[in-house]
Amino acid sequence: MNDEAAALAAMIGGRVRHERQDRRWTLDQLAEAAGLSRRMVVNVEQGSANPSVGTLLRLSDALGIGLPALVQPPERALVTVTRSGEGAALWTSPNGGCAVLVAGTRPPDVLELWDWTLAPGDAHTSAAHAAGTHELLHVLEGEVVMEIDGATHILTTGDAAGFAGDVPHAYRNESVIPARFSLAVLEPGVGTTAIGRPR
């Protein structure tokens, strides 16, 4: 990990540990609630792992706080501003692509705003998110191939799409130039269904 990624991993680890301890959960309880190994939870809390977006979603869902709460400073102001270059880069590719979480709201209805860049040849596959999740994608530059629950859709500059995020989906750049898109993700009811979760 580079210095920036290491700092982000340490910050996320501290937040996960704080939220877990605030609930008086053991590492095993959080691991079980998130469907992760105890080792992965330990690595995340210690900041020694560069967790995937999927892992962070599992942890934030299990804690009932939403992904933005793990990567943004706690703030109660009416307006939260993320300056250019200050968003949390939660996915990067060897080709130079990245996904930056630039803004988000708090539970129960968590709305995330992402700035994605896919370098030529990049692909990102996502498992189904929580039931009721919806996504909106707007292509700012280039061409994005979306695969939503097995169906393929090609979007070019200016095109937009809305789709259910609670099915498997993927974004790809099959062209020779970079693609950039904004992505809004709405995950309703975060933290409101704690059945089977330790308290």
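The following dialogue goes through aromatic pairs and strands in a predicted model.

Mentor: In this predicted model, local features need pLDDT of at least 70, side-chain atom pairs count only at pLDDT 80 or more, and totals for chains, interfaces and linings use all residues. Residues are numbered from 1 along each chain as its sequence is written, and side-chain values use heavy atoms, with hydrogens and water left out.

Trainee: What makes two rings an aromatic pair, and how many pairs are there?

Mentor: Rings of Phe, Tyr and Trp (its six-membered ring) pair if their centres lie within 6.5 Å; planes under 30 degrees apart are stacked, over 60 edge-to-face, and the rest tilted. That rule gives five aromatic pairs.

Trainee: Why is the pair of W114 and W116 called tilted?

Mentor: The centres of W114 and W116 are 6.3 Å apart and the planes are at 40 degrees, which is tilted.

Trainee: Why is the pair of W116 and F181 called stacked?

Mentor: The ring centres of W116 and F181 are 5.5 Å apart and the planes are at 10 degrees, so this pair is stacked. W116 lies in strand β3 (residues 110-118) and F181 in strand β10 (residues 179-187), 65 residues apart. Strands here are DSSP runs of E, at least two residues, numbered from the N terminus.

Trainee: Are W116 and F181 buried or exposed?

Mentor: Both W116 and F181 are buried, meaning under 20% relative accessible area, with exposed over 50% and partly exposed in between (1.4 Å probe, protein chains only).

Trainee: How do you know that β4 pairs with strand β9?

Mentor: Two strands pair if DSSP finds at least two bridges between them. Four bridges join β4 to β9 (residues 169-172), and the two run antiparallel.
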